[in-house]
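Work through the following exercises with the sequence and the structure at hand. Try each task before you read its solution.

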Amino acid sequence: MTTSPTRSPRLLLITTVVLVVAGMVLLAAPHAPRTRAPSATPRGAVPTVVPPAAAPGSRSVQTGAPVSAPASTAPAETVSLPALPAHGEGVAGDAAIQASLEDAWPADLAADDERELLAAGRDLLRADATGIGRARWPALFGDPGQVIAPAFATSRLRIQAAIARRDGSADKAVVHLVWAGTDRGGTYTDRRITDWYFTRTSTKGASTWTPQPLT
């Protein structure tokens, strides 16, 4: 009977070392990255569109989306004055001139003071332009007996608008008048401007507005 030769312990040791070294070499070698096959986008999926960064206070717009105007915008608050009528429009345009004055210079006087000043301002304008009523203010128009030819015809003088407002302090005021008239040469002109200035004076506890000479 034939017996197989006994394996040498030395041969087994060498084989084991070779296998260990081969395994270490395989572990140390770089591996190529495993790529995943591209998959189709599932049905119904919507690609996400990332809007660009927007500055503070501004509206961002998505790329690829149509840009439309906002549904409603709040207009800036503005103050508009009534349009002035054309020259020569006549009495029909006086209301617009009055409204324009009142919008440009808001009221700042007591109602009683404003009425007194407006009445005095209108009378002073008529006296100065036509000569009628100058005796009421001798300090302004001189000797009542002195004959001064009026510069404007009484029948064609018309006050188109008038306001009374403070003139820097509570004891000073100005009456601003816009008027029309025909001068001695026969020329009719509207929207003339005259300002009469007043100071408040007190006599025996009662106050009154005193007109100042025109300069």
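**Exercise 1.** In this predicted model, decide whether aspartate 112 counts as buried or exposed, and then examine the salt bridge that it forms with arginine 115.

*Solution.* Begin with accessibility: a residue counts as exposed when its relative accessible area is over 50%. Aspartate 112 has a relative accessibility of 54%, so it counts as exposed. Arginine 115, with a relative accessible area of 53%, is exposed as well. Next, look at the contact itself, where the closest N and O atoms of the two residues are 2.3 Å apart. Finally, place the pair in the chain: both residues belong to helix α3, which covers residues 111-130, and they are 3 residues apart, about one turn of the helix. An α-helix has 3.6 residues a turn, so residues three or four places apart point the same way.

**Exercise 2.** Find out which parts of the chain are linked by the salt bridge between aspartate 123 and arginine 136, and classify the accessibility of each partner.

*Solution.* The side chains of aspartate 123 and arginine 136 meet at 2.9 Å, taken from N to O. This pair links distant parts of the chain, since aspartate 123 is in helix α3 while arginine 136 is in the loop between α3 and α4 (138-141), 13 residues apart. As for accessibility, aspartate 123 is partly exposed at 30%, whereas arginine 136 reaches 52% and counts as exposed.

**Exercise 3.** Describe the salt bridge between arginine 200 and aspartate 171, and name the network to which these residues belong.

*Solution.* First, the closest N and O atoms of arginine 200 and aspartate 171 are 3.0 Å apart. Second, arginine 200 is in strand β3 and aspartate 171 in the loop between β1 (158-166) and β2 (172-182), so the salt bridge ties together parts that lie 29 residues apart in sequence. Third, both partners are partly exposed, arginine 200 with a relative accessible area of 25% and aspartate 171 with one of 40%. Fourth, a network of salt bridges links these two residues with Asp113. A search of the whole structure gives 7 salt bridges.

**Exercise 4.** Work out how the buried residues of α2 are arranged around the helix axis, and state which strands they pack against.

*Solution.* List the buried residues of α2, which are Asp94, Ile97, Gln98, Ser100 and Leu101. Seen down the helix axis, they fall within an arc of 160°, so they line one face of α2. These buried residues pack against β1, β2 and β3.

**Exercise 5.** Locate the largest cavity and describe its lining by residue, by element and by class.

*Solution.* The structure holds 1 cavity of 30 Å³ or more, and the space in the largest cavity comes to about 40 Å³. Its lining consists of Pro85, Ala86, Glu89, Gly90, Gly93, Asp94, Ile97, Gln160, Asp190 and Arg191. Two or more of the lining residues come from each of the elements α2 (94-104) and β3 (188-203). Sorted by class, the lining has 3 nonpolar, 3 polar and 4 charged residues.

**Exercise 6.** Set these details within the chain by giving the order of its elements and the share of its residues that count as buried.

*Solution.* The chain has 4 helices and 4 strands, and from the N terminus on the elements run α-α-α-α-β-β-β-β. Of its 215 residues, 22% count as buried.

Technical notes. Residues are numbered from 1 along each chain as its sequence is written. This is a predicted model: local features need pLDDT of at least 70, side-chain atom pairs count only at pLDDT 80 or more; totals for chains, interfaces and linings use all residues. Side-chain values use heavy atoms; hydrogens and water are left out. On a 1 Å grid over the protein atoms alone, a cavity is a set of points where a 1.4 Å probe fits but cannot get out, and a pocket is an open set with protein on both sides within 12 Å along at least five of seven lines; lining residues have an atom within 4 Å of a point. Grid points are joined across faces, edges and corners, and a volume is the space filled by probe spheres set on the points. Ala, Val, Leu, Ile, Met, Phe, Trp, Tyr, Cys and Pro count as nonpolar, Asp, Glu, Lys and Arg as charged, and the others, Gly among them, as polar. A salt bridge is a side-chain nitrogen of Lys or Arg within 4 Å of a carboxyl oxygen of Asp or Glu. Buried means under 20% relative accessible area, exposed over 50%, partly exposed in between (1.4 Å probe, protein chains only). The arc is that of the directions from the helix axis to the C-beta atoms. Contact means heavy atoms within 4.5 Å.
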